[in-house]
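Please open the structure in your viewer and keep the sequence beside it, and we will go from one selection to the next, looking at what each one contains.

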Amino acid sequence: MYKFFVIISCLIFISCNNIIESENNAVSDNLEVPVLESFNITVDIKNDTNEYCYLYLFGQEKPVVLDSIKYIDSKIIFKRAFKNECSLLSVGSSPEKSIIFLAQYGEYDISISADYNNLPLNYNIEGSNSSKLIKQYNTKRNEFYKKVNGIQSELTSLAKTDLIKREALISKAQKLKGIFDEYKFQFIDLNSNSPALLLALYDISDYVAELDKLRIVEKAIKKYFANTIFHKEVSMRIEQAIQQEKAVQQQQQMLKQQEMELSSAGISVGKPAPELNFPDKNGKNIALSSLKGKVVLLDFWASWCGPCRKENPFVVELYNKYKDKGFTIYSFSLDNDKNKWLQAIQQDNLLWKNHVSDLMGWNSQGAAKYKIRSIPQTFLIDRQGNISAIGLRGEELERKLIEIM
């Protein structure tokens, strides 16, 4: 099932409990900021009924209030010096209504203007090219997530049986994500030397597939935000990507080995599926061959298998969607405990009748016959009883099912 990516903005770092500030909301004087480069930050926020405007600094575990100035006719000027070549900041009278921008060496006069009622996304900024890029990127990202959240709301309100409309909405969301990903990749490539790439970090969700983009972002963060929480975050994500790549390689090697074992046992695409004839929950044997004439998903699983249980909702959806078109499922459980097996069938709403097990766990004769080394494992069998696909799950499985039906 398609999962929507949740927006991760730098603003999420701000919360009332996480802000370090003095009790009287004045300047935090304990900050050790060497005077290296001085900035003038002019802020003009009209229609703000709050008394103070705050200047926030990001980069550590918790945001810091650097300064607070009382509004005078909506216009104020912060005069600050920063120890880093580039600092991620925001200004506003509250975390929810703050404007994110960058103070970068060489750009010392920054002007920000806005109407309080239109914050945090609608504002004007001058004197900082990188901050303009941040605004540009955030605008595109907000448009994307606004549309996707609308689709998600529609999906939530849909009846479970309305599969056609559900598919159409999911397809629409996937298309929107593809468009945003293309924009994100272009943004990273075109602005590879900009500190504004920091924001793109939080939209990279597939660390392995997007590792090349992640490394570009890492280079910019290392240059502009060394020794910050952002540097730590991007390093952690790259390490996760490396570990995931290793895991994928190991899995591919295991699948290749399994494929060779299956082939040597005469189990391969295009060949007849070996017979299984095992007892159901009532002790009555069900033969796999008895389902000939239908398209059958032979599914090896167990109640104790987390990935199997996670996959079950999709399998149920697949069954409900195609059962009237000649599709069924033959579920072979590698359980040892009959009660847990039956409870899982009920809990996961596995409606079909073809549930079998010899309750021998990994010592199961059925599992040995199909050279099962890990679960879940599937074999898609056509109406003639021949294997059409091995190991497919999710959308790949559905596409193949549609093809052979």
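Begin by selecting L55 together with V91 of β5, since in this predicted model V91 is the bridge partner of L55. Extending the selection to β2 (52–58) and β5 (86–92) shows two strands that pair in the antiparallel sense over five bridges.

Stay with β5 and add strand β6, residues 99–104, which runs antiparallel to β5 and is joined to it by six bridges. Within this pairing L89 has F101 of β6 as its bridge partner, and the six residues between β5 and β6 complete a hairpin.

Is β5 enclosed or open to its surroundings? Seven of its seven residues are buried, so β5 is largely enclosed by the rest of the structure. If you show the side chains, C86, L88, S90 and G92 point one way, whereas S87, L89 and V91 point the other way. In a regular strand, side chains alternate in this manner between the two faces of the sheet.

Next, select helix α4, residues 229–264, whose 36 residues reach 52 Å from the first C-alpha to the last, close to the 52 Å expected at 1.5 Å a residue. Its buried residues include I229, F230, H231 and E233, and also Q258 and L262; the buried residues of α4 pack against β2, β5, α3 (211–224), β14 and β15. Just after the helix, G266 takes a positive phi of about 80°.

From β14 and β15 you can move to the open sheet of five strands, which has the order β13-β12-β11-β14-β15 with mixed pairing. Its edge strands, β13 (355–356) and β15 (387–390), each pair on one side only. Strands β11 (residues 295–301) and β14 (residues 377–381) are antiparallel partners over five bridges, and here L298 stands opposite F379.

Two helices can now be added to this view. Helix α5 (residues 306–322) lies across β11 and β12 (327–333), running at about 155° to β12, while helix α8 (residues 394–404) lies across β11, β12, β14 and β15 and runs at about 15° to β14.

Finally, select α1 (residues 129–157) and α2 (residues 163–190), which pack at an angle of about 170° with their axes 9 Å apart; angles over 145 count as roughly antiparallel, and α1 and α2 are therefore roughly antiparallel to each other. Among the residues making the contact are L133, F144 and I151 of α1 and L169, F180 and F187 of α2. The residues of this contact divide into 13 nonpolar, one polar and eight charged.

Methods
Residues are numbered from 1 along each chain as its sequence is written. This is a predicted model: local features need pLDDT of at least 70, side-chain atom pairs count only at pLDDT 80 or more; totals for chains, interfaces and linings use all residues. Side-chain values use heavy atoms; hydrogens and water are left out. Two strands pair if DSSP finds at least two bridges between them. Helices (H or I, at least four residues) and strands (E, at least two) are DSSP runs, numbered from the N terminus. Contact means heavy atoms within 4.5 Å. Axes are lines fitted to C-alpha atoms, for helices over the stretch in contact, and angles run from 0 to 180 degrees between N-to-C directions. Angles under 35 degrees count as roughly parallel, over 145 as roughly antiparallel, 65 to 115 as roughly perpendicular and the rest as oblique. Ala, Val, Leu, Ile, Met, Phe, Trp, Tyr, Cys and Pro count as nonpolar, Asp, Glu, Lys and Arg as charged, and the others, Gly among them, as polar. The expected span of a helix is 1.5 Å times one less than its number of residues. Buried means under 20% relative accessible area, exposed over 50%, partly exposed in between (1.4 Å probe, protein chains only).
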